[in-house]
Amino acid sequence: MSKSLWASERTQASPVSGPNNFPTDEPAIRSPSRFLSMAAAFRPTASVSTNLKPISAATRSPAIVGAVDLSTLEKRKLPVLLFDVMDTIVRDPFYYDIPAFFKMSMRELLEEKHPTAWVEFEKGMIDEIELGKKFFKDGRAIDLKGLKDCMRRGYSYVDGIEELLQALKQNNYELHAFTNYPIWYKMIEEKLELSKYLSWTFCSCLIGKRKPAPDSYAVVVHLLNVEPESCIFIDDRVTNVEAAVNAGMVGIHFKNADSLKQDLSSLGVVLEVLNN
């Protein structure tokens with residue numbers, strides 16, 4: 001997720017404590033009561049036959065067509081896994097590198113940035129040139145190329161997560177990015193090649209919607225053409241996880257790769273890789 005990088009919504013959240021500013025006593029897996037038995041439903045390793053009617057290309061968002069060919073799927077291995085990206089799969093350079101780039105403290109950066117520019121960029125409403133023009137509230141010029149280079153240098157896999165993605169891929173699970181991020185997701189792809197493991201299907205700049213807005217989850221379920229309870233959503237931000245659960249999905253609050261592995265295993269997701 002982009003934790004609304006340069007958006008102010010994190011500062012508006014209720015005070016919390018513990019790692020990543022989240023309560024230490026929060027359950028990792030959140031689900032409505034009817035999902036408590038879902039682990040048993042997910043345990044079979046064979047592909048699960050469905051009676052779903054595929055969505056035609058005409059009814060899909062133009063940005064999504066071609067990202068994953070759902071129309072050819074007659075059998076699907078469930079659950080479908082939906083991953084936030086920033087600070088779940090990929091280290092987010094904003095919190096580590098960007099204040100130093102601007103020679104500011106984080107507090108100063110959050111106070112002086114434009115209140116809506118990054119959100120508009122994430123939703124594909126403005127391009128990077130326009131972002132550069134309105135990045136700061138006072139309209140000062142920024143080194144856009146330098147900013148992009150700083151971001152690019154800072155992208156790396158979160159510890160242990162690439163091995164987990166590889167295990168999921170080798171077990172034939174369907175993986176999608178469901179993340180708030182602008183067109184710069186292409187810089188992540190160029191450096192880390194996430195598409196080896198998942199599709200960038202539900203990036204906010206492609207679907208024009210951001211988490212935790214309820215309609216963003218509705219779009220995901222519609223385009224995947226699965227029941228929401230057949231989706232496991234993973235994010236390092238509790239607000240987004242709660243919104244996923246409210247949409248009928250199973251939600252996992254990401255803390256680290258080891259805890260995610262345990263949480264997925266408890267839901268019956270197969271992670272063992274057989275050696276040939």
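I took two rings of Phe, Tyr or Trp as a pair if their centres lie within 6.5 Å. The model I worked on is a predicted one.

**Aromatic pairs**

How many aromatic pairs does that rule give? I noted a count of 14. I then looked up one of them, formed by Phe178 and Phe202. Their centres are 6.4 Å apart and their planes stand at 75°. Planes over 60 degrees apart count as edge-to-face, so I entered this pair under that heading. Phe178 belongs to strand S5 (residues 175-179) and Phe202 to strand S6 (residues 199-203). The two residues are 24 apart in the chain, and I recorded the pair as a link between distant parts of it.

Are these two rings buried or exposed? I found Phe178 buried, at a relative accessible area of 1%. Phe202 is buried as well, with a value of 1%. The cut-off for buried is under 20%, so both residues qualify.

I also noted a cluster in which ring pairs join Phe101, Phe102, Phe135 and Phe136.

**Charges over rings**

Which charged end sits over the ring of Phe136? I found that of Arg140, at 4.2 Å from the ring centre. Phe136 is also one of the residues in the cluster above. Elsewhere I looked at Tyr173, whose ring has the charged end of Lys77 over it, 4.4 Å from the centre.

**Helix H2 against helix H6**

I next checked how H2 (residues 93-101) packs on H6 (residues 144-154). The angle is about 145°, and I noted 10 Å between the axes. H2 goes past H6 in a crossing that is right-handed. From H2, the residues in the contact are Pro93, Asp97, Ile98 and Phe101. From H6, I listed Gly146, Leu147, Cys150, Met151 and Gly154. Sorted by character, the contact residues come to six nonpolar, two polar and one charged. Phe101 turns up here and in the ring cluster too.

**Cis peptide bonds**

I went through the prolines next. The bond from Leu78 to Pro79 is cis, its omega being near 5°. I located Pro79 in the loop that runs between strand S3 (75-76) and strand S4 (80-83). The bond from Lys211 to Pro212 is also cis, with omega near 5°. Pro212 is in the loop between helix H9 (204-207) and helix H10 (214-224).

**Positive phi**

Where is Lys103? I placed Lys103 in the loop between H2 and helix H3 (106-112). Its phi is positive, near 55°, although the residue is not glycine. I found Lys103 exposed, with a relative accessible area of 75%. The cut-off for exposed is over 50%, so the label holds.

Asn225 is another non-glycine residue for which I noted a positive phi, near 60°. Asn225 follows H10 and lies in the loop between H10 and strand S7 (231-235).

**Helix H10**

Which residues of H10 are buried? I listed Ser216, Tyr217, Val220, Val221, Leu223 and Leu224. I then asked what covers these buried residues. The cover includes the strands S3, S4, S5, S6 and S7, together with helix H11 (238-246). I had met S5 and S6 earlier, as the strands that hold Phe178 and Phe202. S3 and S4 had come up as the strands on either side of the Pro79 loop.

Methods:
Residues numbered from 1 in each chain as written. Predicted model: local features only at pLDDT ≥ 70, side-chain atom pairs only at ≥ 80, totals over all residues. Heavy atoms only, no water. Axes fitted to C-alpha atoms, helices over the stretch in contact; angles between N-to-C directions. Helix = DSSP H or I, 4+ residues; strand = E, 2+ residues; numbered from the N terminus. Left-handed = near helix turned anticlockwise from the far one by under 90°. Contact = heavy atoms within 4.5 Å. Nonpolar A, V, L, I, M, F, W, Y, C, P; charged D, E, K, R; others polar. Phe/Tyr/Trp six-rings, centres within 6.5 Å; stacked < 30°, edge-to-face > 60°. Buried < 20%, exposed > 50% of the residue type's maximum accessible area, 1.4 Å probe, protein only. Lys NZ or Arg CZ within 6 Å of the ring centre and 35° of its normal.
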